[in-house]
Amino acid sequence: MSVIRLFNSKGHHIANFRNGQLHAPDGPNIGHYREREEIFIDMNGRYLGEIVKENRLMYKNNSPYKNTNFGVYGNYGNIGNYGNPGNYGSIGIISVYSDGNL
């Protein structure tokens, strides 16, 4: 069960993705993955973002899911800290995407 480290556009480590769950770098569950839509939702069922450029978790400003509530999936607990991978490097600005709230 591997962990995928996710970064913002500036290369800062902002989340870990494991088993369909999104976790903060220090471990708490902060969201869930919706495979059908290929998006992440927060703990309240709201659109959180999507993976861009392989390992960047970014918010799509014009996402059709922005105003959709997918329901509460529950809290899957804490996976612990997987360490700090350091800065992954900036990818600059990508049209229609922003770093969101993470």
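**Exercise 1.** In this predicted model, determine which residues H13 contacts beyond its neighbours within four places in sequence, and then decide whether H13 is buried or exposed.

*Solution.* Once the neighbours within four places in sequence are set aside, H13 is in contact with R5, L6, F7, P25, G83 and P85. The next step is to place the residue, and H13 is found in strand β2. Its relative accessible area is 15%, and because buried means under 20%, H13 is classed as buried. Turning to polar atoms, the side chain of H13 makes a polar contact of 2.9 Å with the side chain of N16, while a polar atom of the H13 side chain lies 3.3 Å from the backbone oxygen of A15. Finally, the C-alpha atoms of H13 and N87 are 6.8 Å apart, although 74 residues separate H13 and N87 in sequence.

**Exercise 2.** Identify which residues make up the largest nonpolar core, and state which strand gives the most to this core.

*Solution.* The core consists of eight residues, namely L6, I14, A15, F17, L22, F40, L48 and L57. Strand β2, residues 13-18, gives the most to this core, with three residues. To follow one member outward, take L48, which, not counting residues up to four places away in sequence, touches L22, I30, F40, I41, D42, Y59 and L102.

**Exercise 3.** Establish where E38 and E54 lie.

*Solution.* E38 lies in the loop between β4 and β5, and E54 in the loop between β6 and β7. Neither is a glycine, yet phi is positive, about 60 degrees for E38 and about 80 degrees for E54. With relative accessibility of 53%, E38 counts as exposed, and at 69% E54 counts as exposed.

Definitions and conventions
Residues numbered from 1 in each chain as written. Predicted model: local features only at pLDDT ≥ 70, side-chain atom pairs only at ≥ 80, totals over all residues. Heavy atoms only, no water. Core = buried A, V, L, I, M, F, W, Y, C linked by side-chain atoms within 4.5 Å. Buried < 20%, exposed > 50% of the residue type's maximum accessible area, 1.4 Å probe, protein only. Helix = DSSP H or I, 4+ residues; strand = E, 2+ residues; numbered from the N terminus. Contact = heavy atoms within 4.5 Å. Polar contact = N/O pair within 3.5 Å; in protein donor to acceptor, adjacent residues only side chain to side chain.
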